[in-house]
Amino acid sequence: MKQRLAIYPGSFDPATNGHLTIIHRALRLFDHVVVAVAQNARKGSLFSIDERQELLREALKGVPRVEVDSFRGLLVDYIRERKADAVIRGLRAVSDFEYEFQMANANRKLDPDFEAVFLMTGEDYFYISSQMVREVASLGGDVSGLVPVCVQRALMEKYPKRLTEIGRMKSKGS
Ligand code: ADP
């Protein structure tokens, strides 16, 4: 029987626990899942493409049937190249819907065989986004529980100054 392959594309800047649950749920529906980091030069990013892939690989260490990759250009071209059956996208709130609906239709126009599967998040994860995690971490906030441990560590390395300042403020008692 043909193995079903799904591609989960996104920025993953950085990967969050919201992304990870979507991956685990996608693995229940498909034989293989490729997590594909999109190389989008227009979007300013905190982590490089390589860092984002490395963090995903570390967070998914020991999880079978998952591969981490990156792609440049049109998603439909990458899907064809990988011979994937579908694309996975996560839906957090109604606000995600409009964009996803537009993208899915644009992709179907580019390739009539394009198929997208939308997984809705549970109440535990709907509020987590990479942007929110970056902001909280940049202000020295605690992101444990929102991201895998390796991402937490990487965020601390990106914002060491801020953390040192906060440490100093705390030790002064302010
Ligand atoms: P993009 O820049 O393509 O939106 P993201 O990395 O932000 O990439 O997200 C990739 C996919 O994961 C998108 O479909 C997004 O809706 C979904 N996603 C992100 N965070 C969550 C979450 N907390 N719960 C469910 N889906 C999520």
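# Reasoning through a predicted model

Modeller: In this predicted model, valine 33 is in contact with Ala6, Tyr8, Ala26, Leu27, Arg65, Val66 and Glu67, once its neighbours within four places in sequence are left aside.

Colleague: What makes these residues count as contacts of valine 33?

Modeller: A contact requires heavy atoms within 4.5 Å, and Ala6 and Glu67 are among the residues that meet this condition with valine 33.

Colleague: Which residues have the most contacts inside the largest nonpolar core, and how many residues does that core have?

Modeller: The largest nonpolar core has 20 residues, and those with the most contacts inside it are Tyr8, Ile23, Val33, Val35, Leu56 and Ile88. At least two residues of this core are supplied by each of E1, H1, E2, helix H2 (49-59) and E4, and the largest share, five residues, comes from H1. Apart from this core lies another, of 14 residues, among them Leu5, Val34, Ile79 and Val87.

Colleague: Why might one look for such groups of nonpolar side chains at all?

Modeller: In soluble globular proteins, nonpolar side chains tend to be buried together.

Colleague: How do you know that E1 is mostly covered?

Modeller: A residue is called buried when its relative accessible area is under 20%, and six of the six residues of E1 are buried. Leu5, Ile7 and Pro9 point one way from this strand, whereas Ala6, Tyr8 and Gly10 point the other way, and all of them are buried. Of the 174 residues of the protein chain, 40% count as buried.

Colleague: What makes E1 and E2 a pair of strands, and in which sense do they pair?

Modeller: Two strands pair if at least two bridges are found between them, and E1 and E2 are joined over six bridges in the parallel sense, so they satisfy that condition. Within this pair, isoleucine 7 stands opposite valine 34 in E2. Seven bridges join strand E2 (residues 32-39) to E3, and these two strands also run parallel. There, valine 35 stands opposite valine 68 in E3.

Colleague: In what order do the strands of the sheet stand, and which of them are at the edges?

Modeller: The order is E3-E2-E1-E4-E5, an open sheet of five strands with parallel pairing. Strand E3 (66-72) and strand E5 (116-120) are the edge strands, because each has a single partner strand and one side of each is therefore left without a neighbour in the sheet. From one strand to the next, the twist averages 30 degrees.

Colleague: Which strands does H1 touch, and which does H3 touch?

Modeller: H1 packs on the sheet and touches E1, E2, E3, E4 and E5, with its direction making about 125 degrees with that of E5. H3 packs on the sheet as well, touching E1, E2, E3 and E4, and its direction makes about 135 degrees with that of E3.

Colleague: Why is phenylalanine 12 called buried, and why is lysine 83 called exposed?

Modeller: Phenylalanine 12 has a relative accessibility of 2%, which is under the 20% cut-off, so it counts as buried. Lysine 83 has a relative accessibility of 66%, which is over the 50% cut-off, so it counts as exposed.

Colleague: What is noted about the phi of each of these two residues, and where do they lie?

Modeller: Phenylalanine 12, in the loop between E1 and H1, has a positive phi of about 50 degrees although it is not a glycine. Lysine 83, in the loop between H3 and E4, has a positive phi of about 55 degrees and is not a glycine either. As background, most residues other than glycine have a negative phi, and most peptide bonds are trans.

Colleague: Is the peptide bond from aspartate 13 to proline 14 cis or trans?

Modeller: That bond is cis, with omega near 0 degrees, and proline 14 has its place in the loop between strand E1 (5-10) and helix H1 (17-29).

Colleague: What makes the link between the side chains of aspartate 85 and arginine 4 a polar contact?

Modeller: The side chains are joined at 3.4 Å, and a polar contact needs N or O atoms within 3.5 Å, so the distance meets the cut-off. Aspartate 85 lies in the loop between helix H3 (75-82) and strand E4 (86-91). Not counting residues up to four places away in sequence, aspartate 85 touches Lys2, Gln3, Arg4, Leu5 and Glu115.

Terms used. Residues are numbered from 1 along each chain as its sequence is written. This is a predicted model: local features need pLDDT of at least 70, side-chain atom pairs count only at pLDDT 80 or more; totals for chains, interfaces and linings use all residues. Side-chain values use heavy atoms; hydrogens and water are left out. Helices (H or I, at least four residues) and strands (E, at least two) are DSSP runs, numbered from the N terminus. A polar contact is a pair of N or O atoms within 3.5 Å; within protein, one must be able to donate a hydrogen and the other to accept it, and residues adjacent in sequence count only if both atoms are side-chain atoms. Buried means under 20% relative accessible area, exposed over 50%, partly exposed in between (1.4 Å probe, protein chains only). Axes are lines fitted to C-alpha atoms, for helices over the stretch in contact, and angles run from 0 to 180 degrees between N-to-C directions. A nonpolar core is a set of buried Ala, Val, Leu, Ile, Met, Phe, Trp, Tyr and Cys residues joined through side-chain atoms within 4.5 Å.
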